Amino acid sequence: MSRLLKGVNLYLIGMMGAGKTTVGKLLANHLSYKFLDTDDIITQSTGRSINQLFAEEGEVAFRQLESNVLAQVCAYTQLTVATGGGIVLERQNWSYLHHGLVVWLDVPVQLLYTRLAEDRTRPLLQDSDPQEKLRSLLEQRTPLYSQADLKITVTEEQTAEEIANKVMEGIPGVLKQELAK
Ligand SMILES: Nc1ncnc2c1ncn2[C@@H]1O[C@H](COP(=O)(O)OP(=O)(O)OP(=O)(O)O)[C@@H](O)[C@H]1O
Ligand SMILES: O=C(O)C1=C[C@@H](O)[C@@H](O)[C@H](O)C1
Ligand SMILES: [Mg+2]
């Protein structure tokens, strides 16, 4: 499969809690690719947590950092990249994402909420009604996530390994479509 992909990067997009980081690491193993996480690169390079960056610099500055990181990452090949949930918001980011193959992990709000209920590391969820916040963010972003090359619909009972396998099974179909263009 990694030969079929010819080193083309795999970008995982989707809401916070969708499993981009968890599934991305497994996919990197399957493909013999390196794994990168744009959120991790930002926190490591700034020495600050995502919460700190949102509080001290604001979301706009965070989005700029995120775009800078993506621009640098896409210069490399053989990468599986877990992106931040909001990477799809900046139009310019799509020109970077489309250098590679873009996979949307589509997870229902109820499941996102269950996974993140105890999590305090996602600043956008520090809201009086986090479930409603997730619903409205997903509604707003669905047209953007839909620009992915491959959509994987995730259900509650699927393990991360099963989801990674589903992505692997979906890749040849996307490559065929690309060749037919
Ligand atoms: N298939 C799965 N089954 C059960 N739990 C999962 C699954 N995938 C991910 N999780 C759990 O859900 C939580 C969120 O997953 P993860 O951090 O991978 O999401 P993410 O898409 O990277 O989120 P963010 O955009 O905020 O970085 C983690 O606690 C992870 O262990
Ligand atoms: O969905 C979002 O906008 C975010 C998701 C996370 O990955 C982080 O990038 C940050 O918490 C913002
Ligand atoms: Mg993540």
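**Helices α7 and α8, and two sites near the start of the chain**

In this predicted model, Val 109, Gln 110, Leu 112 and Tyr 113 of helix α7 meet Pro 130, Gln 131, Leu 134, Arg 135 and Leu 138 of helix α8, where contact means heavy atoms within 4.5 Å and helices are DSSP runs (H or I, at least four residues) numbered from the N terminus. By class, this contact has six nonpolar, two polar and one charged residues; Ala, Val, Leu, Ile, Met, Phe, Trp, Tyr, Cys and Pro count as nonpolar, Asp, Glu, Lys and Arg as charged, and the others, Gly among them, as polar.

The axes of α7 (residues 109-116) and α8 (residues 130-145) come within 10 Å and cross at roughly 135 degrees. The two helices are therefore oblique to each other, since angles under 35 degrees count as roughly parallel, over 145 as roughly antiparallel, 65 to 115 as roughly perpendicular and the rest as oblique.

Thr 21, where UniProt places the feature "binding site" in an unreviewed entry, lies in helix α2 (residues 20-31). With a relative accessible area of 31%, Thr 21 is partly exposed, the class between buried (under 20%) and exposed (over 50%), using a 1.4 Å probe and protein chains only. Beyond its neighbours within four places in sequence, Thr 21 is in contact with Phe 35, Asp 37 and Ala 82.

Gly 14, in the loop between β1 (10-13) and α2, counts as buried at 1% relative accessibility. Leaving aside neighbours within four places in sequence, its contacts are Lys 20, Gly 85, Trp 104, Leu 105 and Tyr 145.

Residues are numbered from 1 along each chain as its sequence is written, and chains are lettered from A and ligands numbered from 1 in the order in which they are written. Local features need pLDDT of at least 70 and side-chain atom pairs count only at pLDDT 80 or more, while totals for chains, interfaces and linings use all residues, and side-chain values use heavy atoms, with hydrogens and water left out.

Note on methods. Axes are lines fitted to C-alpha atoms, for helices over the stretch in contact, and angles run from 0 to 180 degrees between N-to-C directions. UniProt positions are given in the numbering used here, feature names are shortened, and annotations may be inferred rather than shown by experiment.
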